[in-house]
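Hi everyone, thanks for making time this morning. Let me put the sequence and the model up on the screen, and then we can walk through a few spots together.

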Amino acid sequence: MALITTGNGLIRDLEKFGALGVYVPLEGGYEGRHRRRLRAAGYISLHITARGLGDVAAYLTRVHGVRPPHLGKKSTGSGAAVGEVHYLPPMISSHLEQLPPKSKGLLLWIIEGHILSNQEVEYLANLPKLEPRVKVVIERGGDRYFRWTPLEKTLLAS
């Protein structure tokens, strides 16, 4: 039972600021515990990586096209076209529509956030202001212990 009662500082700061930048020990394990605590607090967690996101705003909030990987195969004319594009629905909108009624909201946990540009991080920091049911946590780097700060403050440091 102590697992649910601890971690209140992270939950309180996430609800206050809407977006947090976290620094996790490189050996791992700590972020899973905190994600479990946030799920116990009523958030539905969506875990994605920053690698390969492309246009973050389009990927999260608009219908966007995705090309399948090439995989070294040649097109023979039958089957898939060379310039084939698959259109995917907006990730956040589709998950918000499926939230349970008693849920506090959608938690977007992004790993490998150190590769994001300042403009992308700034957009993600403002995303909870645009959609209040969305909270954002980005892993900004490694540290000796698990710590967090408001996401806007991580922009000044990078």
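**A short tour of the chain**

So, what do we have here? The chain holds 7 helices and 7 strands. Please keep in mind that this is a predicted model. If you follow the sequence from start to end, the elements come in the order α-α-β-α-β-α-β-β-α-β-α-β-β-α.

A few overall numbers before we zoom in. The chain has 158 residues, and 37% of them are buried. Its accessible surface is about 9500 Å², with 55% of that belonging to carbon and sulfur atoms. Now look at the contacts between residues with a separation of 6 or more: 80% of them join residues that sit 24 or more positions apart.

Let's begin with a pair of helices. Helix 2 covers residues 8-17 and helix 3 covers residues 30-40; their axes are 10 Å apart and the packing angle is about 65°. Angles from 65 to 115 degrees count as roughly perpendicular, and helix 2 and helix 3 are therefore described that way. The crossing of these two helices is right-handed. Which residues meet there? From helix 2 we have L10, I11 and L14, and across from them in helix 3 are H34, R37 and L38.

Next, strand 1, which runs over residues 19-24 and contains G21. Is G21 buried or exposed? Its relative accessible area is 0%, and buried means under 20%, so G21 is buried. Beyond its sequence neighbours up to four places away, G21 touches I138, R140, R147, W148, T149, P150, L151 and T154. Take I138 from that list: G21 and I138 are 117 residues apart in sequence, yet their C-alpha atoms are 4.9 Å apart.

Moving along to the loop between strand 5 and helix 6, I'd like to show you two residues. One is E112, which lies in that loop. E112 has a positive phi of about 55°, although it is not a glycine. With a relative accessibility of 28%, E112 counts as partly exposed. The other is H114, in the loop that follows strand 5 (105-111). Setting aside residues up to four places away in sequence, H114 touches R51, E139 and R140. For H114 and E139, the separation along the chain is 25 residues, and the C-alpha atoms are 7.1 Å apart.

That loop leads us to helix 6. Here is a little check you can do by hand. Helix 6 has 13 residues, 118-130, and at 1.5 Å a residue it should span 18 Å; the end C-alpha atoms are 18 Å apart, so the two agree. Which residues of helix 6 are buried? They are V121, L124, A125, L127 and P128. As a reminder, an α-helix has 3.6 residues a turn, so residues three or four places apart point the same way.

N118 also belongs to helix 6. Its relative accessible area is 39%, so N118 is partly exposed. In space, the C-alpha atoms of N118 and L155 are 6.3 Å apart, although 37 residues separate them in sequence.

And that takes us to our last stop, helix 7, residues 151-157, where L155 is found. Leaving out neighbours within four places in sequence, L155 is in contact with N118, V121 and E122. V121 is one of the buried residues of helix 6 that we just went through.

That's my tour, and I'm happy to go back to any of these spots on the screen.

Conventions: Residues are numbered from 1 along each chain as its sequence is written. This is a predicted model: local features need pLDDT of at least 70, side-chain atom pairs count only at pLDDT 80 or more; totals for chains, interfaces and linings use all residues. Side-chain values use heavy atoms; hydrogens and water are left out. Helices (H or I, at least four residues) and strands (E, at least two) are DSSP runs, numbered from the N terminus. Buried means under 20% relative accessible area, exposed over 50%, partly exposed in between (1.4 Å probe, protein chains only). Contact means heavy atoms within 4.5 Å. Accessible areas come from the Shrake-Rupley method with a 1.4 Å probe; for residues, only the protein chains shown count as cover. The expected span of a helix is 1.5 Å times one less than its number of residues. Axes are lines fitted to C-alpha atoms, for helices over the stretch in contact, and angles run from 0 to 180 degrees between N-to-C directions. Angles under 35 degrees count as roughly parallel, over 145 as roughly antiparallel, 65 to 115 as roughly perpendicular and the rest as oblique. A crossing is left-handed if the near helix is turned anticlockwise from the far one by less than a right angle, and right-handed if clockwise.
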